[in-house]
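Please follow the chain through its fold, from the overall order of elements to a few individual residues. The structure is shown below.

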Amino acid sequence: MMKATTTMKKDAVKEAEAEASPSQLIDAKVAALGDWRGKTLARLRSLIKETDPDVVEEVKWRKPSNVFGVPVWEHAGIICTGETYKNAVKLTFAKGASLEDPSGLFNSSLEGNTRRAIDFHEGDEIDEKALKALVRAAVALNTSQKRPKSA
């Protein structure tokens with residue numbers, strides 16, 4: 001079992017190092033994590049895509065120490081990013097400070113003037129309804145701030 005997991009992680013890194021689409025890089029990141037963080041990131045990704053079928057997946061901030069980069073979901077601007085740490089999966093909303101959060105999902109990066117984040121820890125339940133509401137609000141904010149190009 002250990003050998004299969006190690007092989008899967010090596011295969012995921014090889015795929016990331018090749019020219020891969022953002023979606024493929026995110027798939028590889030989920031596979032390489034191979035634990036609760038990968039499952040959580042995959043579920044959050046699924047919820048974002050369900051909420052906004054027009055969402056565009058990107059991967060930013062790739063570097064040798066992070067070959068997979070950071071998953072980013074956009075619609076008329078950044079909606080949120082998905083970062084993984086040893087003890088948390090962090091969903092950071094680029095304009096979170098401007099969003100209503102009646103369910104109190106934001107529990108991280110609360111001191112800033114712009115962004116807000118949600119840290120998910122092992123065993124946490126995802127309030128899917130509240131998360132989808134935040135995604136919809138972020139998309140609405142992004143699209144309301146985009147001005148049409150003049151002819």
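The path begins just past helix H2, where Gly34 takes a positive phi of about 60 degrees. As with everything that follows, this comes from a predicted model. The helix that precedes Gly34, H2, covers residues 22-33, and its 12 residues reach 17 Å from the first C-alpha to the last, close to the 16 Å expected at 1.5 Å a residue. The buried residues of H2 are Leu25, Ile26, Ala28, Lys29, Val30, Ala32 and Leu33. As background to such a list, an α-helix has 3.6 residues a turn, so residues three or four places apart point the same way.

Seen as a whole, the protein holds four helices and five strands, and from the N terminus on these elements run α-α-α-β-β-β-β-β-α. Of its 151 residues, 42% count as buried. Among the contacts with a separation of 6 or more, 50% join residues that are 24 or more positions apart.

In soluble globular proteins, nonpolar side chains tend to be buried together. Here the largest nonpolar core has 26 residues, and those with the most contacts inside it are Ile79, Leu91, Phe93, Ile118 and Leu131. At least two residues of this core are supplied by each of H2, helix H3 (36-51), strand E3 (78-84), strand E4 (89-93), strand E5 (116-120) and helix H4 (128-145), while the largest share, seven residues, comes from H4. For Phe93, leaving aside neighbours within four places in sequence, the contacts are Ile79, Cys80, Leu99, Phe106, Arg115, Arg116, Ile118, Leu131, Leu134, Val135 and Ala138.

Phe93 also belongs to the lining of the largest cavity, together with Ile78, Ile79, Ala94, Lys95, Gly96, Leu99, Ala138 and Asn142. The elements that give two or more residues to this lining are E3 and H4. By type, the lining residues divide into six nonpolar, two polar and one charged. About 30 Å³ of space lies in this cavity, and the structure holds one cavity of 30 Å³ or more.

One of the lining residues, Lys95, has its place in the loop between E4 and E5. Is Lys95 buried, exposed or partly exposed? Lys95 counts as partly exposed because its relative accessibility is 27%, a value between the 20% and 50% cut-offs. Not counting residues up to four places away in sequence, Lys95 touches Thr114, Leu141, Asn142 and Gln145. Lys95 and Cys80, which are 15 residues apart in sequence, lie 8.4 Å apart in space, C-alpha to C-alpha.

Two further residues lead back to H2. Arg45 lies in helix H3 and counts as buried because its relative accessibility is 10%, where buried means under 20%. Leaving aside neighbours within four places in sequence, Arg45 is in contact with Ser23, Ile26, Asp27, Glu57 and Trp73; of these, Ile26 is one of the buried residues of H2.

Asn66, for its part, has its place in the loop between strand E1 (56-60) and strand E2 (70-74). With neighbours within four places in sequence left aside, Asn66 is in contact with Lys29 and Trp61. Asn66 and Lys29 are 37 residues apart along the chain, and their C-alpha atoms are separated by 9.8 Å. Lys29 is itself among the buried residues of H2, the helix with which this path began.

Notes. Residues are numbered from 1 along each chain as its sequence is written. This is a predicted model: local features need pLDDT of at least 70, side-chain atom pairs count only at pLDDT 80 or more; totals for chains, interfaces and linings use all residues. Side-chain values use heavy atoms; hydrogens and water are left out. The expected span of a helix is 1.5 Å times one less than its number of residues. Buried means under 20% relative accessible area, exposed over 50%, partly exposed in between (1.4 Å probe, protein chains only). A nonpolar core is a set of buried Ala, Val, Leu, Ile, Met, Phe, Trp, Tyr and Cys residues joined through side-chain atoms within 4.5 Å. Contact means heavy atoms within 4.5 Å. On a 1 Å grid over the protein atoms alone, a cavity is a set of points where a 1.4 Å probe fits but cannot get out, and a pocket is an open set with protein on both sides within 12 Å along at least five of seven lines; lining residues have an atom within 4 Å of a point. Grid points are joined across faces, edges and corners, and a volume is the space filled by probe spheres set on the points. Ala, Val, Leu, Ile, Met, Phe, Trp, Tyr, Cys and Pro count as nonpolar, Asp, Glu, Lys and Arg as charged, and the others, Gly among them, as polar.
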